[in-house]
Amino acid sequence: MICPHCEKSLLRRERPGNVCGKCGRRYALDPKTNPLRLNDLRVRRITGKLTGEGHLPCTAGQLWYAVSRGSLRDTRVDTGCAIALALFGIVLLLVGLSTVGVFAVVGALLLAGALGFVVAEARGVGRGVPRIAREAFRSGPLADWTSVYGSLPPGVLDDSRYPSPPTEPSDGLVLVCPDPSIAVFLDAAGLTTRYGLVLAADPGAIPATGPVLVLHDADAGGLLLARRVRGAWPGRPVVDIGLPLAAVYGRPRAVPVRGRPPEASVMAALEESGEYGPEQLRWLRKGWGFPLVGVEPTRLLAVVSRAVERAGAAADPERRRAASVGFLTWPEGGGP
């Protein structure tokens with residue numbers, strides 16, 4: 001690996017205890033000792049991309065997905081083991097056929113084991129399952145980073161706590177988003193201040209009286225969140241602003257995550273809605289989904305900002321009246 005301090009190439013024996021044998025300085029992450037094969041330089045590169053080189057915030061959850069993305073495409077099948085088993089199996093099978101029969105039996109068993117690896121690879125066993133869970137990422141690699149550098153990587157925010165609700169009742173727009181990583185990101189990006197937006201994690205406890213926007217993951221539970229909010233607050237305006245399943249399902253660039261299969265009642269509600277096809281329902285039933293932390297921060301911020309602006313305009317009589325006579329809109333054929 002390359003030392004993040006002196007940028008010299010280091011062999012494994014030249015970096016005992018995560019200390020560079022050439023400059024003597026300690027680094028945080030060694031690709032040989034963490035499940036994601038991270039090193040400090042890679043984390044800095046990915047963080048720089050997420051933050052637009054410091055122009056945007058990002059959270060620990062967003063960084064977790066970004067560093068996990070490549071491994072989510074892979075299976076957990078060790079093809080090296082399959083090759084080794086096949087080679088030994090062929091040798092023993094040939095020896096057994098010409099000499100001792102027991103070798104042939106062992107060889108056949110080894111070949112069967114190799115075939116099992118091949119079948120598992122074809123079925124995608126382990127694909128989509130994170131090599132390290134989000135909480136473990138915070139208590140593992142990020143904790144190691146903090147112990148060496150004294151803080152999280154530049155631009156990365158701690159998302160272990162949901163942003164504090166307003167101390168006084170508000171009549172502003174409400175954004176229900178259970179994921180603290182996304183709530184912290186939107187708050188740090190200035191949406192709460194710019195639009196008077198109130199963030200809420202619990203659909204049943206919304207600390208404001210304005211219209212409600214719902215932002216969720218594209219998984220079985222997330223796709224029912226808007227319905228839960230409407231059930232908790234009948235008659236109140238509720239707008240589902242995604243993440244929609246159609247935006248990620250079957251898209252080559254959208255790398256999903258696989259978690260626990262949803263409860264039968266959740267799947268039953270999704271089936272009853274009639275919004276999803278058989279293949280999509282089968283996919284969701286297996287625990288597949290796409291998290292909001294996987295959406296590029298700039299794109300997520302733009303989409304949520306537009307949704308908040310539209311909802312604010314719809315809820316404000318003055319802005320509705322202005323828009324009806326052309327104020328804040330460009331005349332046909334016009335532009336800035």
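## A positive surface patch

Let's start on the outside of this predicted model. Four residues, K49, R73, R253 and R299, form a positive surface patch. One of them, K49, is placed in helix α1, which covers residues 40-50. How accessible is K49, and does that make it buried or exposed? Its relative accessibility is 72%, so K49 counts as exposed.

## The chain as a whole

With the patch in view, here is the wider setting. How many helices and strands does the chain have? There are 13 helices, accompanied by eight strands. The chain holds 336 residues, and 41% of them are buried.

The accessible surface of the chain amounts to about 18400 Å², and carbon and sulfur atoms hold 58% of that area. Contacts tell a story of sequence separation: among those in the chain with a separation of 6 or more, 67% are between residues 24 or more positions apart.

## Salt bridges across the sequence

The count of salt bridges comes to seven. One of the pairs is D179 with R134, whose side chains meet in a salt bridge at 3.1 Å, N to O. Because D179 lies in the loop between β3 (174-176) and α7 (180-188) while R134 belongs to helix α5 (residues 134-139), this pair ties together parts that are 45 residues apart in sequence. The two partners can also be described by their surroundings. D179 has a relative accessible area of 9%, so D179 is buried. R134 has a relative accessible area of 22% and is therefore partly exposed.

Another pair to look at is E271 and R285, which form a salt bridge with their closest N and O atoms 2.4 Å apart. E271 sits in helix α10 (residues 264-273) and R285 in helix α11 (residues 278-285), so to speak a link between distant parts of the chain, 14 residues apart. Are these partners buried or partly exposed? E271 counts as partly exposed, with 42% relative accessibility, and R285 is partly exposed as well, with a relative accessible area of 37%.

## A pair within one helix, and a network

Helix α5 also contains a salt bridge of its own, between E135 and R138. The closest N and O atoms of E135 and R138 are 2.7 Å apart. Because E135 and R138 are three residues apart in helix α5, about one helical turn separates them. E135 itself counts as exposed, at 53% relative accessibility.

Which residues are linked in a network of salt bridges? They are R12, R15 and D30.

## The loop around P178

If you return to the loop between β3 and α7, you will find P178 there, and D179 lies in that loop too. P178 has a relative accessible area of 41%, which means that P178 is partly exposed.

Which residues does P178 touch once its neighbours within four places in sequence are left aside? P178 is in contact with Y162, A201, L215 and L225. There is also a C-alpha distance to note here: P178 and D202 are 24 residues apart along the chain, and their C-alpha atoms are separated by 6.5 Å.

## Backbone details

For anyone preparing to work with the backbone torsions, a few spots deserve a look. Between G242 and L243 the peptide bond is cis, with omega at about 15°. L243 lies in the loop between β6 (238-240) and β7 (257-258).

Positive phi values turn up at N18 and R37. For N18, a residue other than glycine, phi is near 60°. R37 is not a glycine either, and its phi is about 55°. Where are these two residues placed? N18 is in the segment before α1, and R37 is also in the segment before α1. Their accessibilities fall into separate classes: N18 is buried because its relative accessible area is 17%, under the 20% limit, whereas R37 counts as exposed because its relative accessibility is 64%, over the 50% limit.

Key. Residues numbered from 1 in each chain as written. Predicted model: local features only at pLDDT ≥ 70, side-chain atom pairs only at ≥ 80, totals over all residues. Heavy atoms only, no water. Patch = residues over 30% accessible without salt bridge, like charges linked within 9 Å, V, L, I, M, F, W, Y side chains within 5 Å. Areas by Shrake-Rupley, 256 points an atom, 1.4 Å probe, with all protein chains shown as cover. Lys, Arg positive; Asp, Glu negative; His and termini not counted. Charge placed at Lys NZ, Arg CZ, Asp CG, Glu CD. Helix = DSSP H or I, 4+ residues; strand = E, 2+ residues; numbered from the N terminus. Buried < 20%, exposed > 50% of the residue type's maximum accessible area, 1.4 Å probe, protein only. Contact = heavy atoms within 4.5 Å.
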